[in-house]
Amino acid sequence: MTGESFARQAIFVRNKDANVLPPPVSTRGFVATIRQNLFASAASSLMTIAAFALVAAVLPALLRFLIFDAVWSAPDGELCRATRAGACWAFIARKLPYFTYGSYPLDQRWRVDVMFGLSFVLIAWLLWLGAPARRLAAILFFLIYPILGFVLLHGAPSLGLPIVDTDLWGGIFVSLIVAITGIVISLPLGILLAMGRRSPLPLLAIFSTGFIEFVRGVPMITVLFMANFMLPLFVPENLAPDRLLRPVIGVALFASAYMAEVVRGGLQAIPKGQMEGAEALGLRPWQTMQLIILPQALTHVIPGIVNTFIGLFKDTTLVAAVGIFDFLRTVDSARLDPAWAGPAISATGYAFAAIFYFLFCFGISRYSLFVERRLARKRRR
Amino acid sequence: MLYQAGFLLVLGFLAVTAVINVRANMQARGIPMDFSFWDNTAGFDINQALVPYSALSTYGQAFLVGLLNTLLVAAIGLVLTTIIGFAIGIARLSHNWIVARLAMIYVETLRNVPLLLQLLFWYNAVLKPLPGPRQSLSLPFSIYLNNRGLFIPAPVFASGAEWFALAFVFGLLAAFLFWLFAHKRQVQTGKRLPVGLVTTILIIGMPLAVFFLAWQPLSFSYPELKGFNFMGGWRLLPEFVTLLLGLSLYTAAFIAEIVRAGIEAVPAGQSEAAAALGLPRKLALRYVIVPQALRVIIPPLTSQYLNLIKNSSLAVFIGYPDLVQVFAGTVLNQTGAAVQIICITMAVYLVISLATSFAMNLFNRRMALVER
């Protein structure tokens, strides 16, 4: 293009108004929100339609099964078999005592109720961050409560509580026992292992590291098998541990390896200056650990500890492999009851168990999120 | 020093006591204390065996069958869960509201329900109540699902198939070498070679050409209903399908969260800077976003992979013949050699775990930030 023609083209004198442009597409209001979030592009629109189709296919069927077609009360499985389609909540209602207490003797079940009440009070006390005397709650929970709980549930003839053999224990209360004992043992043990792993004493460090890595490298079920089959061989015959105690030890050892790694993360996050500062003040190593390092480290990793606990709670279902009637196992065995046999019984039982575990785990994870946010706010200040 | 000596003393004392007790207890109960059971006849059948196995085989062969079954379900599960997990993780970040919501519901539901419960649900409430072979659900590609399992078409190789396989391997190798060459050339001269095109020709085009030149040596055997059951094709046991489905879906929920966190960890400034440099979105993703996200993703992803492998031991609850079910279950019950069998089982899982984390560490080192 020569310079001349370029100049001729470039000369431009506007002699009439420019075209009026339409106003920009609204970015506020209902329609705009819908457009932005659901129909931003062709691909997005397609996905929206597919997603709505999925919801339209699944949600009504799910609601019909769980609510509208469900049988809410019936004396036995007859009605559930007749309607076929929906969940049989009557079955759950009838079996709920079994799901809660297992085969614990009827006239002694108040002892389990007391245990439930105690756990609820202590756990609420520990989880409520603004509660008074939380240190006392921790001492009660980690020291007094396990012993008291065992005496209460297993019985002490001298106190007028007949012995109830662990063979009869079952249901939600066994799941809770396994989970709570697991956390009561695994938290202190995990802290010790984490400190051992970072210890300057090579022997201790090697032992701790070896233990942690070994346990983390094998499936929980093999640890349970080991506790069940090998533990009785390790001790003299008359000292063989109870059949419920064995898997509880297995679960606790398993969880403590994971807990140790969480705590180690917290220990590593503490700046070296803290340790040096404590030394400069003349604190002994144990005092430094107890007063300076651990309080900070543990606060850092509360979410990790809670997540480990959620994992531990879900893993308690595996104790069924060594013959313990935990909650899931009671559900799984109740659905085989011929009086209630029907096409929807299995699905009903599993749906109930799923709702129970979901509420528990989801609730704890929300709590951990809340604590995390609170700590983050505190740290920012 | 004193502490360590004391610690060693206590540990040694416990170990010696344990050994003495184990010997005494095993003798008292008549449990074998060596590995002589290894070559004895097993006497039980296994319904899925990748190597020849019958009730006349030995315990050692039963161990091998169980180990291979564990590896099979873990290997396929790892691939499946990676695909599902990445898809859900990316969907969680979608700008499309309902897609992101559905992905979130998926993650929260599956993460908060125990895996064992999910497996029992799939097995007892979904797969077992399916109709028999005559009323099986018919899926696309001649796949059938009924209470006896999943029936899929099986490839049948005629003579000449080895040429096809050879061409494929050769194509892969050649494509890799070409990629190395192109990369080196680009570093030296700044000129780009058409890597994508050449790779496609080498890996897909050439084997296809060989395939047709060799008169299509590959055909499929389709499952067909004959009498009361399906013949032909491959039959996947319901237990296998359950375990694969349950493991992949459960682990995918965790992987999705890892992927989401990884992508969110790349600061927005990175993609803005890439755009400012004039990189199209595709290249920005490939050279800027994904490499940085992968750095965050790989370490926790490794531990999820290990979890999947370890969780495959839940097979024992639904009767899939994996290592734990066959070896630490049936063989242990028959021989009573608890100590040896549990130690071997644990050792096997330790080796698998270590090998997996070693492989992932190699991959991680390639991906990790090269600091000056």
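In this predicted model, chain B has an average pLDDT of 85, and 97% of its residues reach a score of at least 70. Where pLDDT is low, the predicted coordinates should not be read in detail. For the model as a whole, ipTM is 0.86 and pTM is likewise 0.86.

A good place to start looking is the contact between the chains. Here 42 residues of chain A are in contact with 45 residues of chain B. On chain B, the side that touches chain A draws at least two residues from each of several helices: α1 (2-29), α3 (97-111), α4 (115-127), α9 (281-311), α10 (315-318), α11 (323-335) and α12 (338-367). Of these, α1(B) gives the most, supplying 10 residues. Sorted by character, the residues on this side of chain B comprise 31 nonpolar, 12 polar and 2 charged.

Chain B also holds a sheet that is easy to trace by eye. Its 4 strands follow the order β1-β2-β3-β8, with antiparallel pairing, and the sheet is open. Strands β1 (137-139) and β8 (234-236) of chain B form the edges, each pairing on one side only. From one strand to the next, the twist averages 20°.

The pairing that brings β8(B) into this sheet can be followed residue by residue. Strand β3 of chain B, spanning residues 149-152, is joined to β8(B) by 3 bridges, and the two run antiparallel. One bridge to look for pairs Phe151(B) with Arg235(B), the latter lying in β8(B).

Definitions and conventions
Residues are numbered from 1 along each chain as its sequence is written. Chains are lettered from A and ligands numbered from 1 in the order in which they are written. This is a predicted model: local features need pLDDT of at least 70, side-chain atom pairs count only at pLDDT 80 or more; totals for chains, interfaces and linings use all residues. Two strands pair if DSSP finds at least two bridges between them. Axes are lines fitted to C-alpha atoms, for helices over the stretch in contact, and angles run from 0 to 180 degrees between N-to-C directions. pLDDT is the predictor's confidence in each residue, from 0 to 100. Two residues are in contact if their C-beta atoms, placed from the backbone, lie within 7 Å. Ala, Val, Leu, Ile, Met, Phe, Trp, Tyr, Cys and Pro count as nonpolar, Asp, Glu, Lys and Arg as charged, and the others, Gly among them, as polar.
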